[in-house]
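I opened this structure with no prior acquaintance and kept notes as I went. The entries below record what I looked up, in the order I looked.

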Amino acid sequence: MEELIIDGFLSEDKELLMYEIMNQYGQEILQLTYSYVNNRTIAEDLTQDIFVKCYKSLHTYSGKSKLRTWLWRIAINHCKDFHRSWYNRNVRIAGEELPNNGTKRELVEQAVIQKEDDNELITAIMTLPIKYREVIYLFYYEELPLKEIALVIDAGVNTVKTRLRRAKELLKEELEE
């Protein structure tokens with residue numbers, strides 16, 4: 001699929017190219033932004049902003065890295081900018097969505113226990129500082145290798161390893177309480 005997108009860079013149809021990029025990476029970018037902001041509405045807005053930035057910056061993509069890495073770099077920088085923004089520090093959304101724990105009644109006890117454990121883990125991950133949360137997300141949920149994570153977050157491989165180790169320690173402490 002990436003070959004088709006890269007071929008699109010040679011064409012003049014930027015709209016078609018963005019359509020392909022959004023179809024390919026839209027859900028991943030939404031999940032990534034949600035991992036930063038922990039709010040679906042804000043994550044959707046940020047994802048839209050990220051694709052607008054991508055559209056405006058298509059001419060800067062040089063092909064030195066994978067398109068996915070380039071797009072994730074834009075997304076992570078945008079999320080970090082959002083966290084530093086006046087809006088994030090001073091505006092609170094009224095009536096934020098409550099977490100959806102599912103509406104179907106689970107008949108199997110093991111499934112209920114697993115779901116509770118998953119929710120507890122997700123809650124613990126979302127309480128981590130951003131620099132630890134992002135490596136956990138990229139390593140475990142997106143299954144990126146350490147070298148690619150280092151490229152995406154613009155850090156060294158050893159820094160990624162250290163953050164991953166520290167994140168695991170913090171999660172362990174949180175979950176043992």
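The entries that follow go through charged pairs, a buried threonine, the cysteines, one helix with its flanking loops, and a surface patch.

**Entry 1: what kind of model this is**

I note at the outset that this is a predicted model, and I read each value below as computed from that model.

**Entry 2: salt bridges**

How many salt bridges are there by the rule used here? I find that the count comes to eight salt bridges. I looked at one between Glu28 and Arg68, whose side chains meet at 3.0 Å, N to O. This pair links distant parts of the chain, since Glu28 belongs to helix α2 and Arg68 to helix α4, with their positions 40 residues apart.

I then stayed with Arg68, which lies in helix α4. Is Arg68 buried or exposed? I wrote down that Arg68 is buried because its relative accessible area is 17%, and the cut-off for that word is under 20%. The side chain of Arg68 also has a polar contact of 3.0 Å with the side chain of Glu142, and I find Glu28, Arg68 and Glu142 linked in a network of salt bridges. As a general note to myself, side chains of opposite charge can pair when their charged atoms come close.

**Entry 3: two pairs within single helices**

I next looked up Arg40 and Glu44, which form a salt bridge with their closest N and O atoms 3.1 Å apart. Both are in helix α3, residues 40-57, and because they are four residues apart they are separated by about one helical turn. Arg40 counts as partly exposed at 43% relative accessibility, and Glu44 counts as partly exposed at 36%.

In helix α9 I found another pair, Glu169 and Arg166, joined by a salt bridge whose closest N and O atoms are 3.3 Å apart. These two residues are three apart in the helix, about one turn. Glu169 is partly exposed at 31% relative accessibility, and for Arg166 I recorded 31% and the label partly exposed.

**Entry 4: a buried threonine**

I turned to Thr33, which sits in helix α2, residues 14-37. Thr33 is buried, since its relative accessible area is 0%. Which residues is Thr33 in contact with, once its neighbours within four places in sequence are left aside? My list reads Ala43, Leu46, Thr47, Ile50 and Cys79. With Thr47 there is also a polar contact, side chain to side chain, of 3.1 Å. As for Ile50, it comes 17 residues from Thr33 along the chain, and the C-alpha atoms of the two are separated by 9.5 Å.

**Entry 5: cysteines**

Having met Cys79 among the contacts of Thr33, I checked for disulfides, and a search of the whole structure finds zero. I looked up how covered two of the cysteines are: Cys79 is buried, with a relative accessible area of 0%, and Cys54 counts as buried at 0% relative accessibility.

**Entry 6: helix α8 and the loops around it**

Which residues of helix α8, residues 146-153, are buried? I noted Glu148, Ile149, Ala150, Val152 and Ile153. These buried residues pack against α4 (67-84), α7 (130-141) and α9 (157-176).

I then looked at the backbone on either side. In the loop between α7 and α8 I found Glu143, whose phi is near 55°, a positive value in a residue other than glycine. Most residues other than glycine have a negative phi, so I kept a record of this one. Glu143 is exposed, with a relative accessible area of 65%. Just after α8 comes Asp154, with a positive phi of about 60°. Asp154 lies in the loop between α8 and α9 and counts as exposed at 62% relative accessibility.

**Entry 7: a nonpolar patch**

My last look was at the surface, where Leu121, Ile122, Tyr140, Tyr141 and Leu175 form a nonpolar patch with about 440 Å² of accessible area together. The elements that give two or more residues to this patch are α6 (109-126) and α7. From the patch I picked out Ile122, which has its place in helix α6 and counts as partly exposed at 43% relative accessibility.

Technical notes
Residues are numbered from 1 along each chain as its sequence is written. This is a predicted model: local features need pLDDT of at least 70, side-chain atom pairs count only at pLDDT 80 or more; totals for chains, interfaces and linings use all residues. Side-chain values use heavy atoms; hydrogens and water are left out. A disulfide is a pair of cysteine sulfur atoms within 2.5 Å. Buried means under 20% relative accessible area, exposed over 50%, partly exposed in between (1.4 Å probe, protein chains only). Contact means heavy atoms within 4.5 Å. A polar contact is a pair of N or O atoms within 3.5 Å; within protein, one must be able to donate a hydrogen and the other to accept it, and residues adjacent in sequence count only if both atoms are side-chain atoms. Patches are made of residues with over 30% relative accessible area and no salt bridge: like charges are joined within 9 Å, nonpolar side chains (Val, Leu, Ile, Met, Phe, Trp, Tyr) within 5 Å. Accessible areas come from the Shrake-Rupley method with a 1.4 Å probe; for residues, only the protein chains shown count as cover. A salt bridge is a side-chain nitrogen of Lys or Arg within 4 Å of a carboxyl oxygen of Asp or Glu.
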